[in-house]
Amino acid sequence: KGACEVSDITWVNSPYQEVDIAHFISPFDIGVLREKKEIKIPCVVSAFYAEDDPRASFISQRDETELTKAGLTMLQEADLILVPSRTLKDFAISRGIDAEIEVLEPAVRLNRFKMVGLESTIFRRYFGIKEKEPCVVATGSYKDQETYKLIKNVAKSAPNIQFYYFAAGKNGSDLGYFNFVRKFDCPRNLHLQSIVQDDIYRSAMINAIAYISNDYRRPDSIGPMEAFAAKTQVVAFSGSRSNPLLKEGESCFFFVTPQAMGEYLIKLNSGEAQSTITSAYDIARAHNLINHGNKLKSIYEQLLENTL
């Protein structure tokens, strides 16, 4: 939506309004997509940009080498698919998707993270965190037990740092596991939270000393870019699965074990560790929303031309 706004593309939220192109981010909008195709409206689907959100996820939680049934159906019926990396384009092709696929790397609105005054501290005030108390942010899914266990062990390795794991779920059963570990299995410095309002999330990102990416398990496209823009250090486990912007020593640091990550975060907080914040921010500036909007507009124009 932001990319459309900066490129003078009119955006409407209602599926009942007349449009030239219908653009979807959720595989559960298949009914609307079919309605638009019936009246010859070109349909674009953005896939793999928000895999932590069950409503926008195309990859199976049970088998990360497969698409969900809804995701597969949605992509098979799209006229054009946008994905955040070449790796994910190859993945979609390997799963039998033969629609046209374009790589459109994620973008960020830099001024979203230029918060000042009381606005910048809303995260600390909301959760009652002391002014100088170090925090680390991670995002994920209620169902992702493996990532939770890794972050739990990082938290145990850095007991003087507060960890906030913001997660999303599709229904109450997803939340059940999260509530169980929150009560019985969670170290005192690890806080499991449902997704919060945008101003609190943005404040969390700029107040955090680091953001933990889980790209090694599921595509993590937006989170690292937002951390780059917030001038927050990005750390990740093992290596990048699908995000080419995550590069060791340039935009982030990779760690094989939770203990090694915890040791680094302790040193980072005390000013004794290297960071990639400056070079990562340059990446965010290069992937600003204006450039992204211009690319998206060009993609839309080409799609319309091809359908005439």
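1. A quick definition before anything else: helices and strands here are DSSP runs, at least four residues for a helix and at least two for a strand, numbered from the N terminus. By that rule Ser194 belongs to strand β7, which covers residues 190-194. Keep in mind throughout that this is a predicted model.

2. Staying with Ser194 for a moment: the residue is partly exposed, because its relative accessible area is 34%. Leaving aside residues up to four places away in sequence, Ser194 touches Tyr142, Phe166 and Ala167. Ala155 is another matter: 39 residues separate it from Ser194 in sequence, and the two C-alpha atoms sit 18 Å apart.

3. Now the overall picture. The protein chain contains 13 helices and 10 strands. Along the principal axes, its C-alpha atoms fill a box of roughly 60 × 35 × 35 Å. The radius of gyration is 20 Å, which agrees with the value near 19 Å for a compact globule of 308 residues.

4. How much of the chain is buried? Of the 308 residues, 53% count as buried. The accessible surface comes to about 15,000 Å², and carbon and sulfur atoms hold 49% of that. As for contacts with a separation of 6 or more, 67% of them join residues 24 or more positions apart.

5. On charges, the chain has 36 positive and 39 negative ones. The mean positions of these two sets are 6 Å apart.

6. If you were wondering about disulfides, the count is zero. Take Cys4 as an example: the closest cysteine sulfur is in Cys43, and a gap of 15 Å is too far for a bond, given that a disulfide needs sulfur atoms within 2.5 Å. Cys4 counts as buried because its relative accessibility is 1%. Cys252 also counts as buried, with a value of 0%.

7. Near the start of the chain, Val6 lies in helix α1, residues 2-6. Val6 is partly exposed, at 33% relative accessible area. Its contacts, not counting residues up to four places away in sequence, are Arg109, Leu289, Ile290 and Gly293. Leu289 is worth a look on screen: Val6 and Leu289 are 283 residues apart in sequence, yet their C-alpha atoms are 7.4 Å apart in space.

8. Next, helix α9, residues 198-207, which is mostly covered, with seven of its 10 residues buried. Which ones are they? The buried residues of α9 are Ile200, Tyr201, Arg202, Ser203, Ala204, Met205 and Asn207. Their cover includes helices α5 (117-120), α6 (122-127) and α10 (222-230), along with strands β5 (135-141), β6 (162-168) and β8 (210-213).

9. Helix α10 is largely enclosed by the rest of the structure, because eight of its nine residues are buried. Those residues are Gly223, Pro224, Met225, Glu226, Ala227, Phe228, Ala229 and Ala230. Note that Glu226 is on the buried list, as Arg202 is in α9. What covers the buried part of α10 includes α9, β8, β9 and α12 (277-286). So α9 and α10 each turn up in the cover of the other, because contact between them, meaning heavy atoms within 4.5 Å, is what puts α10 in the cover of α9 and α9 in the cover of α10.

10. Two backbone angles to check when you go through the model. Right after α10 comes Lys231, with a positive phi near 60°, although this residue is not a glycine. Lys231 is found in the loop between α10 and β9 (233-237). The other is Phe48, also not a glycine, with a positive phi near 75°. Phe48 is found in the loop between β2 (43-46) and α3 (69-77). Is the Phe48 residue buried or exposed? Phe48 is buried, with a relative accessible area of 0%.

11. Last point: Ser242. Its place is in the loop between β9 and β10 (253-255). Ser242 counts as buried because its relative accessibility is 5%, where the cut-off for buried is under 20%. Setting aside residues up to four places away in sequence, Ser242 touches Ser85, Thr87, Leu88, Asp215, Pro219 and Asp220.

Terms used: Residues numbered from 1 in each chain as written. Predicted model: local features only at pLDDT ≥ 70, side-chain atom pairs only at ≥ 80, totals over all residues. Heavy atoms only, no water. Buried < 20%, exposed > 50% of the residue type's maximum accessible area, 1.4 Å probe, protein only. Rg over C-alpha atoms; globule rule 2.2 N^0.38 Å. Areas by Shrake-Rupley, 256 points an atom, 1.4 Å probe, with all protein chains shown as cover. Lys, Arg positive; Asp, Glu negative; His and termini not counted. Charge placed at Lys NZ, Arg CZ, Asp CG, Glu CD.
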